[in-house]
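User: I am new to this structure and would like to understand the terms used for it. Could you take me through them with care?

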Amino acid sequence: MQTTNSTLYSDSEKLVMLYQMYKGKLFAIAYYYLHDKYDAEDALQITFEKIMKNMHLVGEPDSVQTRALLSVMVKNNSINILNKKKKTMFIDDDSYIMQMSSKDNVEKQVEGDMIKQSVISAINELPSIYRDALMLKYINGFDITEIAQALDSNYQTMQKRLKRGKKILMENLRKRGIADYE
């Protein structure tokens, strides 16, 4: 009878290992979506609370599948926080205008955020076979080998899937007026 390394750890030891191994990467993912340190910390805390309750879903702490699972969890928690904030956020026009230090910088930042959101939205509209691969590559920073492992595929298949998905994505972005090159 063969045992895996994950059975050698208690759940609390595994949780500590996961936190130590991934806290920086997961915080970076959360901050990418939320643009706020405290909200990113909240997303990280929510993620680890959910991990605690669902340790049976977590494999080897250093596996690509575990890294992918944690990345997706923190991304989803970040998006949930963002959606909750959007529902409750309001802007007092006068105070907002007074807080703007440079119209050009604000416009560039808003434009950049709008483009990012459009790209993420366009990726989310792709069929899951391409969406998952593109999210892992461009949002979570996985390389092709890690993506292939996470999605139980081989390297060549994943290369083709990323190429095809990127082509479809670029076509969709052109239709939206975001991408204008061949």
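Analyst: Buried residues, meaning those under 20% relative accessible area (exposed is over 50%, partly exposed in between, with a 1.4 Å probe and protein chains only), make up 32% of the 182 residues in the protein chain. This is a predicted model, in which local features need pLDDT of at least 70 and side-chain atom pairs count only at pLDDT 80 or more, while totals for chains, interfaces and linings use all residues. Residues are numbered from 1 along each chain as its sequence is written, and side-chain values use heavy atoms, with hydrogens and water left out.

User: Why is S71 called buried?

Analyst: S71 has a relative accessible area of 1%, and the limit for buried is under 20%, so the term applies.

User: Which residues is S71 in contact with, leaving aside its neighbours within four places in sequence?

Analyst: Contact means heavy atoms within 4.5 Å, and on that basis S71, found in helix α3, is in contact with L26, I29, N140 and F142. Counted in the same way, L26 is in contact with L44, F48, L70, S71 and V74.

User: What makes a set of residues a nonpolar core?

Analyst: The members must be buried Ala, Val, Leu, Ile, Met, Phe, Trp, Tyr or Cys residues joined through side-chain atoms within 4.5 Å. Of the 42 residues in the largest such core, L18, L26 and I51 touch the most other members. Helix α1 (11-34) is among the elements that give two or more residues to this core, and α1 gives the most, with eight residues.

Definitions and conventions. Helices (H or I, at least four residues) and strands (E, at least two) are DSSP runs, numbered from the N terminus.
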